[in-house]
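The following note goes through one protein chain point by point. Please keep the sequence and the three-dimensional view at hand while reading.

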Amino acid sequence: MKILLMEDDMVLGETIEEMLCGAGYDVTWVKNGEEGAIASYDDKYDLYIFDINVPLMNGFELLESLREAQDETMAIFISALTDMVAMTKGFEVGADDYIKKPFYPQELLLKIDAKFKSKKRTLTHVDIKFNQISKEVKFLDKVISLGAVTLSLLELFINNIGRTILKEELMDLMEHPSEMGLRVAINKLKHITKWEILNIRGIGYRIDKS
């Protein structure tokens with residue numbers, strides 16, 4: 001997992017960098033907003049950790065510009081600005097979390113680990129996001145409601161991208177299984193998700209990796 005750290009305090013920045021590298025993360029450390037903007041343009045990251053009061057471009061401005069550019073990378077602010085106005089601003093520009101200074105570095109590591117575990121619970125294919133724990137389904141980041149059979153089919157397909165799923169396996173998810181009923185259910189799923197679900201004649205169905 002790659003992390004972009006923006007922190008102009010040399011002692012704190014070095015401490016965080018060493019801790020995260022020791023935990024197995026790949027860390028790029030920059031000291032000002034201009035370096036942060038260049039780094040985010042040059043490479044792809046799994047998480048941003050931004051101090052707010054840094055030279056050239058502050059953390060608010062950088063994250064806001066990234067969000068406007070459709071960059072949805074998870075972001076955490078770490079800041080000595082502890083008032084509600086600053087915290088509100090942080091979430092308004094697109095932060096996923098806000099940690100007040102001073103803090104224990106281990107607190108940051110725990111939050112990062114938790115966020116990456118949460119991210120792994122979510123599976124994505126084309127415009128669909130599926131949370132395996134809550135069973136929440138999003139199309140273009142909007143929550144959609146599915147019937148029990150459609151939801152079960154979606155879960156089976158999104159966990160088996162690139163594998164042909166046998167008709168019998170799919171019909172096991174239906175209350176009254178039949179080939180006609182399965183075709184109807186598959187077509188409904190295709191309509192809702194906009195997925196290309198291939199019919200492998202006489203065998204089953206599959207979704208190829210995009």
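1. Burial and overall form. In this predicted model, 41% of the 210 residues of the protein count as buried. The radius of gyration is 22 Å, whereas a compact globule of 210 residues would have one near 17 Å. Taken along the principal axes, the C-alpha atoms fill a box of roughly 65 × 35 × 30 Å.

2. Secondary structure and contacts. The protein has eight helices and 12 strands. Among the contacts with a separation of 6 or more, 55% are between residues 24 or more positions apart.

3. Strand E1. How many of the five residues of strand E1 are buried? Strand E1 covers residues 2-6, and four of these five are buried, so the strand is largely enclosed by the rest of the structure. Strand E1 pairs with strand E2 (residues 26-30) through five bridges, and the two run parallel. Within this pairing, Met6 has Val30 of E2 as its bridge partner. Strand E1 also pairs with strand E3 (residues 47-51), again in the parallel sense, over four bridges. Here the bridge partner of Leu4 is Tyr48.

4. A β-α-β unit. Strand E1, helix H1 (residues 10-22) and strand E2 together make a right-handed β-α-β unit. The student may trace the chain from E1 over H1 to E2 in the view.

5. The sheet of E10, E11 and E12. These strands form an open sheet in the order E10-E12-E11, with antiparallel pairing. Strand E10 (165-166) and strand E11 are at the edges and each has a single partner strand, so one side of each is left without a neighbour in the sheet. Between E11 and strand E12 (residues 204-206) there are three bridges, in the antiparallel sense. In this pairing Leu198 stands opposite Arg206 of E12.

6. Asp71, a charged residue that deserves attention. Is Asp71 buried or exposed? Asp71 is buried, yet it has no salt bridge. The nearest side chain of opposite charge is that of Arg67, 4.4 Å away; because a salt bridge requires the nitrogen and the carboxyl oxygen to be within 4 Å, a distance of 4.4 Å does not qualify. Asp71 is found in the loop between helix H3 (59-68) and strand E4 (74-79). Leaving aside residues up to four places away in sequence, Asp71 touches Tyr48 and Leu66.

7. Arg67 and its partner. Side chains of opposite charge can pair when their charged atoms come close. Which residue forms a salt bridge with Arg67? The partner is Asp96, with the closest N and O atoms 3.7 Å apart. Asp96 lies in the loop between helix H4 (84-92) and strand E5, and Arg67 lies in helix H3, so the pair ties together parts that are 29 residues apart in sequence. Arg67 is buried, with a relative accessible area of 14%, whereas Asp96 is partly exposed at 38%.

8. Other salt bridges. The structure holds 11 salt bridges. One of them joins Lys129 and Asp141, whose closest N and O atoms are 3.0 Å apart. This pair links distant parts of the chain, with Lys129 in strand E7 (residues 128-131) and Asp141 in the loop between E8 and E9, 12 residues apart. Lys129 is partly exposed at 34% relative accessibility, and Asp141 is partly exposed at 48%. Arg163 and Glu169 form a further salt bridge, with the closest N and O atoms 3.2 Å apart. In addition, Glu7, Asp51 and Lys101 are joined into one network by salt bridges that share partners.

9. Backbone features to check. The peptide bond from Lys101 to Pro102 is cis, with omega near -5 degrees. Pro102 is placed in the loop between strand E5 (97-100) and helix H5 (105-120). Two residues other than glycine should also be inspected for a positive phi: Leu140, near 55 degrees, and Lys194, near 65 degrees. Leu140 is found in the loop between strand E8 (137-139) and strand E9 (142-144), and counts as exposed at 52% relative accessibility. Lys194 is in the loop between helix H8 (179-193) and strand E11 (198-200), and is exposed with a relative accessible area of 51%.

How values were computed. Residues are numbered from 1 along each chain as its sequence is written. This is a predicted model: local features need pLDDT of at least 70, side-chain atom pairs count only at pLDDT 80 or more; totals for chains, interfaces and linings use all residues. Side-chain values use heavy atoms; hydrogens and water are left out. Buried means under 20% relative accessible area, exposed over 50%, partly exposed in between (1.4 Å probe, protein chains only). Lys and Arg count as positive and Asp and Glu as negative; His and the chain ends are not counted. Contact means heavy atoms within 4.5 Å. Two strands pair if DSSP finds at least two bridges between them. A crossover is right-handed if, with the strands pointing away from the viewer, the path from the first strand over the helix to the second runs clockwise. The radius of gyration is taken over C-alpha atoms; the globule rule is 2.2 Å times the number of residues to the power 0.38.
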